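Here is a short report for a reader who is new to this structure. Please look over the sequence and the model before reading on.

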Amino acid sequence: MALSLDSTYHNIYYKNVLTKIRDIINDDRDYGAVYIGPVYEDRGNYSVRIWGLTAETTQNLTSGEWSRTYNTEISMYMVEPSPNENFWEQYYADGERLYQLLYNNESVAGSLGWYDGTVESMRINEMEAEEEAVDGLWTIKYNFVCRINRAN
């Protein structure tokens with residue numbers, strides 16, 4: 001059977017998880033770039049990268065109906081080649097603000113909205129090789145997990 005977008009299947013990971021996270025962060029911030037991508041991109045002194053890591057079916061309900069867990073990495077980046085205590089205060093404040101924002105959005109209403117949204121980890125300055133090559137880059141990475149049920 002051929003599939004047809006939005007009638008027999010939905011682009012759930014991108015539209016209902018990744019872009020919703022981006023919208024939530026953009027609605028909270030009036031500065032910085034928030035983008036979906038697999039690797040760090042130079043987007044200025046403050047940016048947030050969102051990337052889907054895994055999706056796991058947790059329950060098949062009936063034909064075409066399922067429950068799935070989505071695991072997403074959210075990386076906050078700040079660039080400061082010569083950090084001082086004022087920078088560190090802002091760095092940790094922005095990190096806590098993003099954590100609280102994700103915590104406050106444990107569920108998102110609407111068709112194919114998520115529930116049980118949880119930040120499972122918050123890793124300070126854990127970098128990939130390409131990130132380490134950027135002078136003055138600092139990061140906080142969050143592992144955000146949520147669940148979505150699809151019903152026919």
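## A buried lysine

The side chain of Lys141 comes to 3.2 Å from the backbone oxygen of Glu126. This distance, like every other value here, comes from a predicted model. Lys141 sits in strand E5, which covers residues 137-150.

Is Lys141 buried or exposed? Lys141 counts as buried because its relative accessibility is 1%, and the cut-off for buried is under 20%. Residues up to four places away in sequence aside, Lys141 touches a long list of partners. Among them are the charged residues Arg49, Glu73, Arg123, Glu126, Glu128 and Glu131. The list also includes Ile74, Ser75, Tyr77, Ser121, Met122 and Met127.

## Glu73 and its two arginines

One partner of Lys141 is Glu73. Glu73 belongs to strand E3, residues 65-79. Its relative accessible area is 13%, so Glu73 is buried.

Which side chains make polar contacts with the side chain of Glu73? One is the side chain of Arg49, at 3.0 Å. Another is the side chain of Arg123, at 2.8 Å. Neighbours within four places in sequence aside, Glu73 is in contact with Arg49, Ile50, Trp51, Leu53, Arg123, Lys141 and Tyr142. Val134 is 61 residues from Glu73 along the chain, and their C-alpha atoms are separated by 20 Å.

## Asn143, also in E5

Strand E5 holds Asn143 too. Asn143 is buried because its relative accessible area is 14%. Apart from neighbours within four places in sequence, Asn143 is in contact with Leu53, Asn71, Thr72, Thr118, Val119, Glu120, Ser121 and Arg123. Arg123 and Ser121 are on the contact list of Lys141 as well.

## Three loop residues

Gly37 is in the loop that links strand E1 (33-36) to strand E2 (46-62). With a relative accessibility of 3%, Gly37 counts as buried. Leaving aside neighbours within four places, Gly37 is in contact with Arg49, Ile50 and Trp51. These three residues also appear among the contacts of Glu73. Gly37 and Val17 are 20 residues apart in sequence, and their C-alpha atoms are 14 Å apart in space.

Two other loop residues have a backbone angle worth a look. Most residues other than glycine have a negative phi. Leu112 has a positive phi, near 60°. Leu112 is in the loop between H2 and strand E4 (115-124). Leu112 is buried, as its relative accessible area is 14%. Asn125 also has a positive phi, near 55°. The loop of Asn125 lies between E4 and helix H3 (129-132). Asn125 is partly exposed, because its relative accessible area is 27%.

## The cavity

Rolling a probe the size of a water molecule over the atoms shows where empty space is left. How many cavities of 30 Å³ or more does a search of the whole structure find? The search finds one. The volume of this largest cavity is about 40 Å³.

Its lining is made of Ile25, Asp28, Arg29, Tyr46, Asp94, Arg97, Leu98 and Leu101. Four of the lining residues are nonpolar, four are charged and none is polar. Helix H1 (12-28) and helix H2 (85-104) each supply at least two residues of the lining. H2 gives the largest share, four residues.

## The whole protein

The protein has three helices and five strands. What is the order of these elements from the N terminus on? They run α-β-β-β-α-β-α-β. The C-alpha atoms fill a box of roughly 55 × 30 × 25 Å along the principal axes.

The protein has 152 residues, and 41% of them count as buried. The exposed area is about 8,400 Å², and carbon and sulfur atoms supply 46% of that area. Among contacts with a separation of 6 or more, 62% join residues 24 or more positions apart. The contact between Glu73 and Lys141 links strand E3 with strand E5, as the contact list of Glu73 shows.

Conventions. Residues are numbered from 1 along each chain as its sequence is written. This is a predicted model: local features need pLDDT of at least 70, side-chain atom pairs count only at pLDDT 80 or more; totals for chains, interfaces and linings use all residues. Side-chain values use heavy atoms; hydrogens and water are left out. On a 1 Å grid over the protein atoms alone, a cavity is a set of points where a 1.4 Å probe fits but cannot get out, and a pocket is an open set with protein on both sides within 12 Å along at least five of seven lines; lining residues have an atom within 4 Å of a point. Grid points are joined across faces, edges and corners, and a volume is the space filled by probe spheres set on the points. Buried means under 20% relative accessible area, exposed over 50%, partly exposed in between (1.4 Å probe, protein chains only). A polar contact is a pair of N or O atoms within 3.5 Å; within protein, one must be able to donate a hydrogen and the other to accept it, and residues adjacent in sequence count only if both atoms are side-chain atoms. Contact means heavy atoms within 4.5 Å. Accessible areas come from the Shrake-Rupley method with a 1.4 Å probe; for residues, only the protein chains shown count as cover.
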